[in-house]
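Hi,

Here is the structure I said I would pass on. Have a look at it first, and my notes follow underneath.

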Amino acid sequence: MNTTMTWQNWAGTATADPARRYWPRSTEEIAEAVLAAAGAGLTVRALGSGHSFTPAAVTSGAALDLSGWTGIVAADLESGLVTVRSGTTIRELNGALSTLGLAMPNLGDIDAQTISGAISTGTHGTGARLGGIATAVAGLDLVLADGSVISCSADKNPDLFAAAVISLGALGIISTVTLACVPAFNLAADERPMRLEEVLARFGELAAGNDHFEFYWFPYGKNALVKRNNRILNSGTRAPRAMPAWRRFIEYQVMENVAFGALCRIGRGAPKLIKPLNRLAAATLSKRSYAAPSHEVFVTPRRVRFVESEYAVPVESVLDVLAELRAGVARLADPVMFPVEVRVAAADDVWLSTGYGRDNAYVAIHQYVGLPYQGYFRLFESIATAAGGRPHWGKMHTRDAGYLGRAYPRFADFLRVRDEMDPARRFANPYLEQVFGA
Ligand SMILES: Cc1cc2nc3c(=O)[nH]c(=O)nc-3n(C[C@H](O)[C@H](O)[C@H](O)COP(=O)(O)OP(=O)(O)OC[C@H]3O[C@@H](n4cnc5c(N)ncnc54)[C@H](O)[C@@H]3O)c2cc1C
């Protein structure tokens, strides 16, 4: 298929005018598209849902839109292994898993991403004993530059597997993903404002003592919104009740999106008001506790557009990083409207995972679209990199292959596998050149 039109990501930070677009609906059609693009001398990129803030998916060559390549291929209820087509969104995946009595062990904040886009950039949620979404991947089928299909897992082509799970589409086009799912579970959610000083003083205890712990901190406010989600065990634990639909609508749609969006627009029109508006948002945080199926608790609607940068820092350095950020934010020329989000994750063994070989805290900073963010992001990046931070592959950063080669112990191994799988750089783009080198 050969129709061109401008592509733009969710945040408006990346655009592309691919020379060709393809809408493959089978592994064979993915391979045909790769070969047709190669015949025309074009590079190839897969498009996910466009939710990366970095230009990871951008191409002037051939873009493969996988929105017609979705759904479950196979599911084994006993082992929990579920194979899905790569264009399946996490929302579709959650719905399908729930009808099978299964669930993903952990998820991020939203469900709009495709499963392949999410794993390719190392998308993660929170939980000191859990890894990111990529750690639930048990196998992949990849279409390579010569149109062949290769399967990999921990047992079959293990080096390719360790390299491919998080690989930004640099090795080939993922056709299917096999996920190690768990029996469906409910979460007891507890969300409440706490004094920031208390959250910081109790950080280690809160991270260790909850299945999923995170907090949001409005840079000029005294309070943080602390979220603690814990698995409800079948041992007669007293669980909170479900949240009525009307309350969910008010809390998440009206307060977190409509009302907060209105505050952001006022702040953008009158930047002098940003600090008081930010304090107001922090002061009006409310307490809520409820129980729901895991994916309904993990995922929240995000309708207010923002730009974002996020770094994984060694968990033991997070308090210093936050202290420096607090001090620096107070001195910024342009005030910050959006909260900082702090999460945790366990070490893993995926070569390009931000969690490779170490327990991390994730610090994510945001700014409302249209407000100046460059000074803030520069400040944050200098603090996070001084602490040995690894940037989220899908969120804004300026790191290059030199820095990343030092940050990732298996970086050279990844480049070796890339040389074997894509020697002619069929899957290249300028972002890959930045992060992996020429
Ligand atoms: C509102 C919002 C909330 C977010 N929340 C979180 C969060 O909680 N946690 C977190 O970690 N991140 C979060 N992110 C970041 C987001 O999860 C990642 O950027 C993710 O990659 C987006 O997935 P996508 O399907 O949109 O992929 P895209 O952004 O479209 O693509 C990402 C990369 O994957 C490649 N790719 C896609 N499909 C394939 C394929 N089939 N084969 C090979 N390569 C492929 C693309 O070429 C590109 O390099 C959030 C982003 C937004 C906008």
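A cut-off to start with: a residue is buried when its relative accessible area is under 20%, exposed when that area is over 50%, and partly exposed in between. Arginine 416 has 34% relative accessibility, so this residue is partly exposed. Keep in mind that this is a predicted model.

Staying with arginine 416, since two salt bridges start there. One goes to aspartate 413, with 3.4 Å between the closest N and O atoms. Both residues sit in helix H13 (residues 411-421), and because they are 3 residues apart, about one helical turn separates them. The other goes to glutamate 420, with an N to O distance of 3.7 Å. That partner is in helix H13 too, 4 residues from arginine 416, again about one turn of the helix. Elsewhere, salt bridges with shared partners tie Asp109, Arg302, Glu308, Glu310, Glu341, Arg343 and Lys395 into one network.

How many salt bridges are there in total? The count comes to 20. Another one you may want to look at pairs arginine 399 with glutamate 381, at 3.4 Å from N to O. This pair links distant parts of the chain, 18 residues apart: arginine 399 is in the loop between strand E20 (390-391) and helix H12 (401-407), while glutamate 381 belongs to helix H11 (residues 374-386). With a relative accessibility of 8%, under the 20% limit, glutamate 381 is therefore buried.

Strand E20 also holds arginine 390. Is that residue buried or exposed? Its relative accessibility is 4%, so arginine 390 counts as buried. If you want a sense of scale, the C-alpha atoms of arginine 390 and threonine 99 are 37 Å apart in space, and the two residues are 291 apart in sequence.

Now the ligand, which is probably what you will open first. There are 36 residues around it, and the ones that come nearest are Ala46, His51, Ser52, Thr114 and Thr121. By type, the shell splits into 12 nonpolar, 19 polar and 5 charged residues.

Which N or O atoms of the protein face ligand oxygen atoms? Here are three cases:

- Arginine 45 has a side-chain N or O atom 3.0 Å from an oxygen atom of the ligand.
- Glycine 50 uses a backbone N or O atom, at 2.9 Å from a ligand oxygen.
- Glutamine 113 places an N or O atom of its side chain 2.8 Å from an oxygen of the ligand.

As for cover, the ligand on its own has 970 Å² of accessible area, and the protein covers 99% of that. Strand E4 (44-47), helix H3 (115-120) and strand E11 (173-180) are the elements that give two or more residues to the shell. Helix H3 has the largest share, with 4 residues.

Last, the cysteines. The structure has 0 disulfides. For cysteine 181, the nearest cysteine sulfur belongs to cysteine 152 and is 17 Å away, and cysteine 181 is in no disulfide. With a relative accessible area of 7%, cysteine 181 is buried. Cysteine 264 is buried as well, at 0%.

That's what I have for now.

Cheers

Methods. Residues numbered from 1 in each chain as written. Predicted model: local features only at pLDDT ≥ 70, side-chain atom pairs only at ≥ 80, totals over all residues. Heavy atoms only, no water. Near = heavy atom within 4 Å. Polar contact = N/O pair within 3.5 Å; in protein donor to acceptor, adjacent residues only side chain to side chain. Areas by Shrake-Rupley, 256 points an atom, 1.4 Å probe, with all protein chains shown as cover. Nonpolar A, V, L, I, M, F, W, Y, C, P; charged D, E, K, R; others polar. Salt bridge = Lys/Arg side-chain N within 4 Å of Asp/Glu carboxyl O. Buried < 20%, exposed > 50% of the residue type's maximum accessible area, 1.4 Å probe, protein only. Disulfide = S-S within 2.5 Å.
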